[in-house]
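Got your viewer open? Here is a short walk through the model, one selection at a time.

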Amino acid sequence: VHYLKKQDIIRHLWSGKELAESDIKYLFQKYSCLNEIKKCIEDFRKIYYEKSTVLIDKFIEAYSKSKNKNLVSFSNGLMQDKNAVANSVISKLSNGFVEGNNNKVKAIKGVMYGKAKIKLLSAKVIFG
């Protein structure tokens, strides 16, 4: 018996993680939805590579008619936040710095849980 981890399959679809050719062939034959998911990932990446808001409309239109309910849901979510998605595609700005700081504070807070008051936490955030 040969097992594949769900995580490895997702990594293959998302970032091209190496899997045995026989495993890939078996998975794509047995689970035909993987073909559409892989194409969806490629199409979504193409939007950002080409920085094209026109491709957003085409993407939403194509995947709102999918048989895969998760892709339809993703497409509907993009439709609801279309302006935000379009801005993220064309803008060079990013909130990565803010998100990184939030993650840092949460990590410090988790390590210090119950050990100190706000004064020590703020010192750790500023100097740590």
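Before the first stop, one term: a nonpolar core here is a set of buried Ala, Val, Leu, Ile, Met, Phe, Trp, Tyr and Cys residues joined through side-chain atoms within 4.5 Å. Keep in mind, too, that you are looking at a predicted model.

**The core**

Select Ile-47, Ile-56, Phe-59 and Leu-78. These are the residues that touch the most other members of the largest nonpolar core, which has 13 residues. Now colour by helix: α3 (33-50), α4, α5 and α6 (82-90) are the elements that each give two or more residues to this core. Helix α4 supplies the largest share, with five residues.

Zoom in on Phe-59. Which residues does Phe-59 touch, not counting those up to four places away in sequence? Show Cys-40, Asp-43, Phe-44, Ile-47, Phe-74 and Leu-78, and you have the list. Apart from this core lies another one, of eight residues; to find it, pick out Ile-9, Leu-19, Leu-34 and Ile-41, which are among them. As a general backdrop, nonpolar side chains tend to be buried together in soluble globular proteins.

**A buried loop residue**

Next, click on Asn-68, in the loop between α4 (53-63) and α5 (69-80). Is Asn-68 buried or exposed? It counts as buried, because its relative accessibility is 14% and the cut-off for buried is under 20%. Show what surrounds Asn-68: leaving aside neighbours within four places in sequence, its contacts are Cys-33, Glu-36 and Ile-37.

**The salt bridges**

Time for charged side chains. The whole structure holds four salt bridges, and we'll visit some of them.

- Asp-57 and Lys-82: the closest N and O atoms are 2.4 Å apart. Asp-57 sits in helix α4 and Lys-82 in helix α6, so this pair ties together parts that are 25 residues apart in sequence. Asp-57 is partly exposed at 35% relative accessible area, and Lys-82 is partly exposed as well, at 29%.
- Asp-8 and Lys-17: here the closest N and O atoms are 3.3 Å apart. Asp-8 is buried, with a relative accessible area of 16%, while Lys-17 counts as partly exposed at 31%.
- Glu-61 and Lys-65: these side chains meet with an N to O distance of 3.8 Å. Glu-61 is partly exposed, at 48%, whereas Lys-65 is exposed, at 62%.

**Zoom out**

Switch to a cartoon of the whole protein chain. You should see eight helices and zero strands. How does the radius of gyration sit against the globule rule? It is 21 Å, well over the 14 Å that the rule gives for 128 residues, so the chain is more spread out than a compact globule. Turn the chain along its principal axes, and the C-alpha trace spans about 55 × 45 × 25 Å.

Try a surface view next. The protein chain exposes about 10,200 Å², with carbon and sulfur atoms supplying 57% of that. Of the 128 residues, 25% count as buried.

**Last stop: confidence**

Finally, colour by pLDDT. The chain averages 89, and 98% of the residues score at least 70. Among the elements, α5 has the highest mean, 96, and helix α8 (residues 118-127) the lowest, 78. As a rule, where pLDDT is low, the predicted coordinates should not be read in detail.

Methods
Residues are numbered from 1 along each chain as its sequence is written. This is a predicted model: local features need pLDDT of at least 70, side-chain atom pairs count only at pLDDT 80 or more; totals for chains, interfaces and linings use all residues. Side-chain values use heavy atoms; hydrogens and water are left out. Helices (H or I, at least four residues) and strands (E, at least two) are DSSP runs, numbered from the N terminus. Buried means under 20% relative accessible area, exposed over 50%, partly exposed in between (1.4 Å probe, protein chains only). Contact means heavy atoms within 4.5 Å. pLDDT is the predictor's confidence in each residue, from 0 to 100. The radius of gyration is taken over C-alpha atoms; the globule rule is 2.2 Å times the number of residues to the power 0.38. Accessible areas come from the Shrake-Rupley method with a 1.4 Å probe; for residues, only the protein chains shown count as cover.
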